[in-house]
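Student: I'm new to this one, so could you walk me through it slowly?
Tutor: Gladly; let us put it up first and then take it part by part.

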Amino acid sequence: MSARRYRLWQLGMVSIVSGCVSLPHPTNADAERARSLWPSASVASLESGRTAYAARCASCHALYPPQRHTPQEWRKALTEMAERAHLTSAEREAIEEFLVTMSVP
Ligand code: HEC
């Protein structure tokens, strides 16, 4: 594997170890905020987005903290990454709901 690939792999390994700890869990306040965009959002639906994000997005690189990108940046990244990660539309929607909601400090 190339040096760049190895570096990405290394970053991914570090993030799998630390990512589980740092990835925030959604609260009632987060669910309330989410409902302005996703009327049926709940703590449970955000939690399933969190699980899908951790499961589907950590194989190639670090799990970026939600606050690292703006909602607009997440949408743009997801358009590309949904293809790379072979997401179903339901997975994509759940991950987008989680990341966009949790990107707000
Ligand atoms: C098949 C490998 C692969 C998977 C799976 C994958 N990514 Fe990526 N991702 C990459 C690569 C490679 C880059 C960096 C280089 C690039 O932009 O082409 C990247 C870059 C990114 C970036 C930009 C990083 C930055 O801040 O500079 C974001 C955000 C991102 N990915 C999010 C995701 C999300 C969300 C998922 C899950 C839906 C995901 N990725 C799944 C390969 C992947």
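Tutor: One term will be needed when we come to the sides of a helix: a residue is called exposed if 12 or fewer other C-beta atoms lie within 10 Å of its own, and buried if 20 or more do. Please also keep in mind that this is a predicted model.

Student: Okay. How many helices and strands does the chain have?
Tutor: The chain has five helices and zero strands, and reading along the sequence gives the pattern α-α-α-α-α.

Student: And what share of the chain is buried?
Tutor: Of its 105 residues, 21% count as buried.

Student: What about contacts, how much comes from residues well separated in sequence, say 24 or more positions apart?
Tutor: Counting contacts in the chain with a separation of 6 or more, 74% are between residues 24 or more positions apart.

Student: Let's go to the third helix. Which residues of H3 are buried?
Tutor: In H3, which covers residues 43-56, the buried residues are Leu46, Gly49, Arg50, Ala52 and Tyr53. They cover an arc of only 165° around the axis, so they sit on the same side of H3.

Student: Which ones are exposed on the other side of H3, then?
Tutor: Ala44 and Ala55 are exposed there, while the buried residues of H3 pack against H2 and H5.

Student: Why would spacing along a helix put residues on one side?
Tutor: An α-helix has 3.6 residues a turn, so residues three or four places apart point the same way.

Student: Does the length fit too, I mean what should H3 span?
Tutor: At 1.5 Å a residue, the 14 residues of H3 should span 20 Å, and this agrees with its end C-alpha atoms, which are 20 Å apart.

Student: Now H5. Which residues are buried in that helix?
Tutor: The buried residues of H5 are Ala94, Ile95, Glu96, Glu97, Phe98, Leu99, Val100, Thr101 and Met102. What covers them includes H2, H3 and H4.

Student: And what span should H5 have?
Tutor: The 14 residues of H5 should span 20 Å at 1.5 Å a residue, and its end C-alpha atoms are indeed 20 Å apart, in agreement with that value.

Student: Which residues touch the most other members in the largest nonpolar core?
Tutor: That core has 14 residues, and Tyr53, Ile95, Phe98 and Leu99 are the ones that touch the most other members. The elements giving two or more residues to this core are H3, H4 and H5, and H5 provides the largest share, with six residues.

Student: Can we zoom in on Ile95, and what is this residue in contact with?
Tutor: If we leave aside its neighbours within four places in sequence, Ile95 is in contact with Gly49, Ala52, Tyr53 and Leu78.

Student: Changing topic: which residues are closest to the ligand?
Tutor: The ligand is surrounded by 15 residues, and the closest are Cys57, Cys60, Ala77, Met81 and Ala85.

Student: Which helix gives the most to that shell, and how do its residues divide by type?
Tutor: Helix H4, residues 71-84, gives the most, with five residues. By type, the shell around the ligand divides into ten nonpolar, three polar and two charged residues.

Student: Since we're on H4, where does Pro71 stand between buried and exposed?
Tutor: Pro71 is in helix H4, and it counts as partly exposed because it has 15 C-beta neighbours inside 10 Å. Leaving aside its neighbours within four places in sequence, Pro71 is in contact with Val100 and Ser103. Pro71 and Leu99 are 28 residues apart in sequence, with their C-alpha atoms 7.5 Å apart in space.

Student: What about the loops, say Leu37, buried or exposed?
Tutor: Leu37 lies in the loop between H2 and H3, and it is exposed, because it has 12 other C-beta atoms within 10 Å. Leu37 and Thr101 are 64 residues apart in sequence and 9.0 Å apart in space, C-alpha to C-alpha.

Student: Last one: what is the phi of His86 near?
Tutor: Phi of His86 is near 50°, which is a positive value in a residue other than glycine. Most residues other than glycine have a negative phi. His86 lies in the loop between H4 and H5, and it counts as exposed because it has 8 C-beta neighbours inside 10 Å.

Technical notes: Residues numbered from 1 in each chain as written. Predicted model: local features only at pLDDT ≥ 70, side-chain atom pairs only at ≥ 80, totals over all residues. Near = placed C-beta within 6 Å. Helix = DSSP H or I, 4+ residues; strand = E, 2+ residues; numbered from the N terminus. Nonpolar A, V, L, I, M, F, W, Y, C, P; charged D, E, K, R; others polar. Core = buried A, V, L, I, M, F, W, Y, C linked by C-beta atoms within 7 Å. Contact = placed C-beta atoms within 7 Å. Expected span 1.5 Å × (residues − 1). Arc of directions from axis to C-beta.
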